[in-house]
Amino acid sequence: MKNIYSFSKLLLASLIILSFVSCHNRTSRNNVSLTGWSSKDKKAAGFMGEAKYKGQKAPPGMVLIEGGTFTMGHVQDDVMFDWNTTPVKQQVRSFYLDETEVTNAEYLFYLEWIEKVFPPSDENYKNIYQSAVPDTLVWRDVLGFNELLTENYLRHPSYADYPVVGVSWIQANQYCKWRTDRVNEKILMDKDILNPVFELDSMDIKGKHFSTDPYLANPYLLFEGDSTIWKNKGEFKDRFPKTSDGILSPKFRLPTESEWEYAAKAEIENREYNNTRGRKKYSWNSKYTRNKSKKFRGDQLANFKQGKGDYSGIAGWSNDGADITIAVKSYDPNAFGLYDMSGNVAEWVADVYRPIIDNDANDFNYFRGNIFTKKMIDQEGKVVMVDDNSIEYDTLDNGNIVPKALPGTLKYIPITKRDAYMRNNYEKAYNIDSKDGDLASTKVYYKNEDELETKPRMYNSPIKPREIGESGFIMQKYDTEHRTTLISDKSRVYKGGSWKDREYWLDPSQRRYLPEYMATNYIGFRCATDRLGPMTYKRRKPTTTKPRY
């Protein structure tokens, strides 16, 4: 009897403790310790949406590149002796990168969209479509017969899965911006927030399209305030998702040089016993270009020029399968799951070219090319959108006319000195030539840059006379001054070897440059976007420590 009484007391005590713990856990889950507001109270007061963030998903066609440290610019061969691949230790943040280069099929979808929304027949838009079309004449050669490639490579279905070429750095950059809006538009359509705009019979889509920045500023800025485009059903009924809901994709962009090189090297497969000093010559884990497997022994591991007049090898033997470019995914991916990081086409990256990256440079997510901007605000305190009456065009050095921003997007302007006043991380908007000696190396370094008629330059590159003729086109003139270099603030880096390059250029650390407005038949591109939150999908459990008394 005594034992039963003792057991009853113990059981009652256990139930009281469990009730208290359960109550405490429920309270701690619902309350924020810093304010005492529960999540239920927040929702009732309109401070918090109902959607639950489920983590960032890889965008379509992209793979996660987990960040880390690596030696940028570490090459095994430097037969050019230009010393522009000085080894520098760098840290790269995690990001997403396209599995393959952007193909002709994907780029044609972009062109068809541009033609439908901004028809070239309209006087307001006549230069927009043409500015996006690749230069198909890059296939021409004065001593070669390539006219069929000029006429067919971009649009014929035989080349649909081939990487797009003839695209300048400026065009590649514009494609990345456009892709941001199309991805987010599709996300909102799938969430039953946005109606399929092209399927609405009542809407004239000419000059109207979804753009992410105006949507985040005020959804009713889009489509001239037409409310019929919005569904607002499903989990986001009666409200618009915000950045804090985490469903919209971050902006797409070209990868930086350090990101591209890190992803191409994929040193994760070459690290034994935490040895991070392993050297890889190519994007695959070998110092040779031929396959060692029994089934494909002797075949090339990439598409490149094997020698003078040898672009594909002998028919049926030691063949890389292509005389020009080849369909993406024709070769095995590297350890990150990326295709053609060595060979097929070289690729644009975001950086402005400089001959050397020294040890004084930033060692965290290095990038040269920043121009800091802000949204343009009118006198009423509202953001300003580009419309048909305010389209601004820029005439490039090669005479092409390109829009600075598409109608239906927000206007951005460079930050002012007032915006950067008393900051310790930047001083001005234009930072392309930062720390490369421009100001300090000139005779007038003591003068304010605003007082100078021309901006002091470290590199004596040609300056194209920018005279516009009566026809509206730039007059074809050349710089007659004696110049010593082609390096300028418009010189952009491209990486990786191509179908037209010898084996030397397949090394991911090799780097070359070309003006941002020029295009070739051997340079393509792929897009990147940022990884938000943890570096990897493998979440680490937080460590719990006991309080010390």
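## Exercises on a predicted model

In the largest nonpolar core, which has 53 residues, Y107, L111, W348 and F525 touch the most other members. Keep in mind that this is a predicted model.

**Exercise 1.** Find which elements give two or more residues to this core.

*Solution.* Start with the strands: β1 (62-65) and β5 are on the list. Now add the helices, namely α3 (104-117), α4 (126-132) and α6. Don't mix this core up with a second, separate one of 25 residues, which includes F95, W260, Y262 and L338. As background, nonpolar side chains in soluble globular proteins tend to be buried together.

**Exercise 2.** Check whether the span of helix α6 agrees with its number of residues.

*Solution.* Helix α6 runs over residues 169-190, so it has 22 residues. At 1.5 Å a residue, the expected span is 32 Å. The end C-alpha atoms are 32 Å apart, so the two agree. Then look just past the helix: α6 is followed by D192, which has a positive phi near 60°.

**Exercise 3.** Work out which strands stand at the edges of the four-strand sheet, and why each has one side without a neighbour.

*Solution.* First write down the order, β11-β10-β5-β12, in an open sheet with mixed pairing. β11 and β12 (523-524) stand at the edges with a single partner strand each, so one side of each has no neighbour in the sheet. Next, zoom in on β5 (residues 346-352), which pairs with β12 in the parallel sense over two bridges. Here E347 stands opposite G524 in β12.

**Exercise 4.** Find what P515 touches beyond four places away in sequence.

*Solution.* Locate P515 in strand β11 (residues 511-515). Its contacts are W348, K490 and S491. Take S491: 24 residues separate it from P515 in sequence, yet their C-alpha atoms are 4.3 Å apart.

Conventions
Residues are numbered from 1 along each chain as its sequence is written. This is a predicted model: local features need pLDDT of at least 70, side-chain atom pairs count only at pLDDT 80 or more; totals for chains, interfaces and linings use all residues. Side-chain values use heavy atoms; hydrogens and water are left out. Contact means heavy atoms within 4.5 Å. The expected span of a helix is 1.5 Å times one less than its number of residues. Two strands pair if DSSP finds at least two bridges between them. A nonpolar core is a set of buried Ala, Val, Leu, Ile, Met, Phe, Trp, Tyr and Cys residues joined through side-chain atoms within 4.5 Å. Buried means under 20% relative accessible area, exposed over 50%, partly exposed in between (1.4 Å probe, protein chains only).
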